[in-house]
Amino acid sequence: MPAILVRELVKTFGSTRALDGLDLTVQTGEIHGFLGPNGSGKSTALRILLGLVRADSGTVELLGANPFKHAVELHRRLAYVPGDVALWPNLSGGEIIDLLGRMRGGLNQQRRSSLLERFQLDPTKKGRSYSKGNRQKVALVAALASDVELLLLDEPTSGLDPLMEASFRQCLMDESANGRTVLLSSHILAEVEAVCERVTIIRSGRTVQTGALADLQQLSRTFLSLQLAGPPPEGLGQMAGVHDLQVESLPPAVAGSTDAVTQVSCQVEQSALDGVLRQVAQVGVISLNSQPPTLEELFLRFYADPTTGPTTETQTQTQTQA
Amino acid sequence: MTASENGFSGTVGLFRLAMRRDRILLPAWISVFALTAAVSAQATADLYPTLGSRIAAGNTINSSAPLIAIYGRVYDTSSLGAVSMIKMGGFGGVCVALLSIILMTRHTRAEEDSGRMELLSATAVGRLAPLGSASAVIVFANLVLALLTALLLVAVGLPASGSLAFGLSWAGAGLAFGAIAAVCAQLSSSARTATALASVVLAACYALRAVGDSVFGSDHGPGWPSWISPIGWAQQVRPFAGDQWPVLLLSLCFSISIGAVALVLASRRDLGAGLFQTRSGPAGAAARLRSPMALAWRLQRGAFVGWLITFVLLGLMIGGIASSVGDFLNNPTAREFITKLGGEKGLVDAFLAIELSFGGILASAFGIQVVMRLAAEEREHRAEAVLATAVSRTRWALGHILIAAFGTAALLLAVGIAAGATSAIQSGEPNEVSRVALASLAQLPAAWVLTAITVAVLGIAPRLIVLGWVMFSGFILLAELGPLLNLPQWVLDVSPFAHVPRLPGVAATPTPFALLTAAAFAICAVGLASLNRRDIT
């Protein structure tokens with residue numbers, strides 16, 4: 001049974017359609033990345049999962065139950081970190097951490113102190129004196145110090161410095177190793193790439209892509225830049241999975257060699273990499289530079305295209321000619 | 001550096017922004033104040049149509065030190081204006097001062113708390129511009145209020161000169177406390193503290209003039225304590241009783257000097273900082289801080305203690321006055337004056353009944369304020385953190401609602417016991433304590449209805465939560481002005497307080513209390529049910 005199961009979820013606020021048929025499945029024990037640009041409905045989806053907001057239509061199951069009807073029982077088993085943390089101005093950070101933990105049903109004191117150390121958070125300051133990043137840390141410590149099955153994190157690292165982000169990632173890995181399920185909403189791709197096994201990408205309240213990170217990375221492309229000893233092999237531009245092929249012949253003086261050199265650059269899908277390398281090797285490779293596939297590149301392509309996300313088929317049709 | 005690049009640059013823009021934000025609030029407040037003054041003047045004129053009746057009413061107040069302490073002295077008992085505006089001068093001045101305090105805090109310290117000021121300060125807005133524009137708002141609002149009030153008073157038939165003096169005396173109090181609030185905003189590290197600090201100064205100034213007028217005062221004028229109080233100055237303008245214009249200059253000079261102090265403080269202070277710095281707190285929560293109820297108490301207890309102290313003092317004052325009511329009520333007009341406003345049997349009881357019903361209305365304000373705080377918890381997204389734990393919406397809300405319910409009961413008991421005890425000591429009747437305390441508690445079901453209505457608004461339409469205060473003001477106006485205006489009984493009956501027997505001194509059946517309590521529970525239940533169904537914002 002998945003920890004989170006969302007089908008055809010719709011939520012409107014007045015005339016705004018915040019969620020427009022969202023699908024989301026999070027398997028028990030995985031760290032699931034929930035990606036989308038600002039205003040795409042990530043926070044609304046999380047608030048529905050928390051039972052704070054009621055769904056208009058569609059099915060929502062959280063740990064096997066309806067989150068609106070069974071909010072209290074479910075909340076004993078999960079912890080939540082909002083994207084914009086609001087604290088009580090006259091309570092200290094330590095008081096807030098304890099209070100939230102106790103109201104959830106208990107707090108692991110040992111983990112509380114190790115997390116405070118890890119995040120270098122001073123728990124004696126009053127809520128009103130914390131900076132944005134430190135407010136975030138208060139909420140993170142309160143959530144991570146609880147013994148819960150599921151963590152719902154809404155852009156939890158906005159406001160954290162890079163060192164703290166690294167600490168946070170390490171924490172997430174530890175949580176996952178302990179069998180906890182994590183739904184991590186984010187638009188920071190490096191973070192998602194570093195910790196998530198599976199991701200769901202949404203835009204305008206709809207799921208545009210979901211799957212294992214490895215599969216999605218296959219959808220993204222490796223950038224190759226080569227210097228070849230002769231003209232590029234016949235039909236390189238027509239090969240399935242090769243895009244944006246650019247060829248430039250460099251005169252010997254520029255290339256710094258006695259023979260003519262061809263400068264070739266292209267984007268290659270994971271599946272076509274082997275074939276491309278075999279072909280160019282026959283011509284003779286002088287130098288090779290490659291940039292590994294990033295989710296970023298995939299992400300940008302998803303949001304640049306206003307209608308649909310890229311699929312392997314459409315890419316094949318739109319590939320650039322040499 | 002050109003003139004446009006000093007600390008005040010951007011003031012005009014901020015002023016426009018403030019006017020835009022207050023486009024409903026300001027006109028509403030100003031017209032309510034001005035209308036109340038005019039309606040009250042008209043009603044008193046109808047109540048005392050002859051010169052003789054006015055002199056008698058004026059003498060009634062002047063012959064009682066407690067009434068002088070509350071309202072001030074009538075300096076010309078033959079003047080219709082002086083007699084009819086006596087209640088409006090001091091009390092009204094306090095209300096205008098409160099409006100100025102709220103306005104000043106709202107446009108300075110509260111903006112820093114919210115972080116919006118940071119956004120504005122990063123633009124071409126000078127360091128002193130927020131204070132400058134807030135001051136402009138206050139000057140503007142108070143002048144408009146003064147002129148509108150003067151016009152309406154002239155319209156109901158009072159002399160023009162006195163009407164203008166009255167309007168300007170209000171403005172004087174408003175300006176003075178706007179300046180005081182400006183200094184408080186610089187000293188405090190949050191809007192809440194700033195408002196509380198300025199309100200304490202206001203209460204102290206009111207108390208100063210009460211002592212100055214009654215203990216140190218004579219028919220010719222007040223003692224020195226009134227002369228160091230801006231509320232005292234407002235009264236010493238003596239509208240319709242000689243119109244002492246130079247006293248207005250005192251208010252003006254005071255406001256300018258205190259305003260200058262605020263400017264100096266503002267130019268030296270960091271954004272967001274205050275003179276009273278935030279102290280650090282405990283590294284962990286005390287064992288009892290573990291439930292939404294405990295959290296609610298933690299958030300509300302400071303305000304509750306403040307209210308409790310106020311109510312004990314109020315009770316002591318009521319008790320003190322009650323025992324002397326008999327002394328000065330040996331003239332028949334005074335007798336009529338009190339019985340007209342209160343119950344029928346026993347003048348002391350009639351007086352107590354009036355004052356305790358006032359206490360009931362005031363206590364209901366505490367209940368409304370507690371629910372407003374609950375609404376703020378949701379609006380400022382702190383409720384989300386609580387509701388994401390194993391706490392149901394009902395439990396979350398009930399924590400605050402119970403504080404409202406029991407807190408109101410505690411306040412009414414406090415005022416009743418304090419009044420009863422003071423009265424008992426002076427009269428030598430120990431039974432007085434329980435009798436007066438019970439009479440005070442009789443107000444509780446009606447006060448609960450107001451709390452419940454505010455809960456219902458929170459449950460059904462949280463964005464309209466301000467309706468709680470609108471309803472409260474409406475009931476006060478109804479209770480204060482309704483009988484004077486001879487409004488039909490069914491209109492007066494809209495207020496829950498109209499159904500409370502005028503205790504002590506009259507027979508009471510349990511029926512109205514049971515019905516009011518049942519209504520409060522039912523309305524509160526409707527509110528909670530709606531809260532459980534809607535989206536949390």
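How much area is buried between chain B and chain A? About 3,100 Å², and carbon and sulfur atoms give 56% of that. Keep in mind that this is a predicted model.

**Where the chains meet**

On the chain B side, 39 residues are in contact with 36 residues of chain A. The rule finds 3 salt bridges across this interface. One salt bridge to look at is the pair A:Lys11 and B:Asp535, whose closest N and O atoms are 2.7 Å apart.

**Chain A as a whole**

Chain A has 322 residues, and 52% of them are buried. Its secondary structure comes to 12 helices and 13 strands. If you take the contacts in chain A with a separation of 6 or more, 71% of them are between residues 24 or more positions apart. The accessible surface of this chain is about 13,700 Å², with 50% belonging to carbon and sulfur atoms.

**A four-stranded sheet**

One piece of chain A to pick out by eye is an open sheet of 4 strands, in the order S11-S12-S10-S13, with antiparallel pairing. Strands S11 (242-250) and S13 (285-291) stand at the edges with a single partner strand each, so one side of each has no neighbour in the sheet. From one strand to the next, the twist averages 15°.

Strands of a sheet pair through backbone hydrogen bonds. Inside this one, strand S10 (residues 221-228) of chain A runs antiparallel to strand S12 (residues 261-269) of chain A, and 8 bridges join the two. To find the register, start from A:Leu226: its bridge partner in S12(A) is A:Val264. Helix H10 (residues 273-283) of chain A lies across S10, S11, S12 and S13 of chain A, and runs at about 5° to S10(A).

**Salt bridges**

Over all chains, the structure holds 24 salt bridges. Here are four of them:

| Salt bridge | Closest N to O distance |
|---|---|
| A:Lys11 and B:Asp535 | 2.7 Å |
| A:Arg198 and A:Glu30 | 2.9 Å |
| A:Arg77 and A:Glu149 | 2.8 Å |
| B:Arg534 and B:Glu378 | 2.8 Å |

Start with A:Arg198 and A:Glu30, which form a salt bridge at 2.9 Å. This pair links distant parts of the chain, 168 residues apart: A:Arg198 sits in strand S8 (residues 198-203) of chain A, and A:Glu30 in the loop between strand S2 (16-26) and strand S3 (31-35) of chain A. Is A:Glu30 buried or exposed? Its relative accessibility is 5%, so A:Glu30 counts as buried, the cut-off being under 20%.

Next, A:Arg77 and A:Glu149 meet through their side chains in a salt bridge. Here the two residues are 72 residues apart, with A:Arg77 in the loop between helix H2 (71-75) and strand S5 (78-81) of chain A, and A:Glu149 in the loop between helix H5 (132-144) and strand S6 (150-154) of chain A. A:Arg77 is partly exposed at a relative accessible area of 30%, and A:Glu149 also counts as partly exposed, at 35% relative accessibility.

Over in chain B, the side chains of B:Arg534 and B:Glu378 form a salt bridge. B:Arg534 lies in the segment after helix H24 (511-533) of chain B and B:Glu378 in helix H17 (residues 347-379) of chain B, so the pair ties together parts 156 residues apart in sequence. Both B:Arg534 and B:Glu378 are buried. Back at the interface, A:Lys11, A:Asp56 and B:Asp535 are joined into one network by salt bridges that share partners.

Notes: Residues numbered from 1 in each chain as written. Chains lettered and ligands numbered in written order. Predicted model: local features only at pLDDT ≥ 70, side-chain atom pairs only at ≥ 80, totals over all residues. Heavy atoms only, no water. Buried < 20%, exposed > 50% of the residue type's maximum accessible area, 1.4 Å probe, protein only. Contact = heavy atoms within 4.5 Å. Areas by Shrake-Rupley, 256 points an atom, 1.4 Å probe, with all protein chains shown as cover. Pairing = 2+ DSSP bridges. Axes fitted to C-alpha atoms, helices over the stretch in contact; angles between N-to-C directions. Buried area = accessible area lost by both parts, 1.4 Å probe. Salt bridge = Lys/Arg side-chain N within 4 Å of Asp/Glu carboxyl O.
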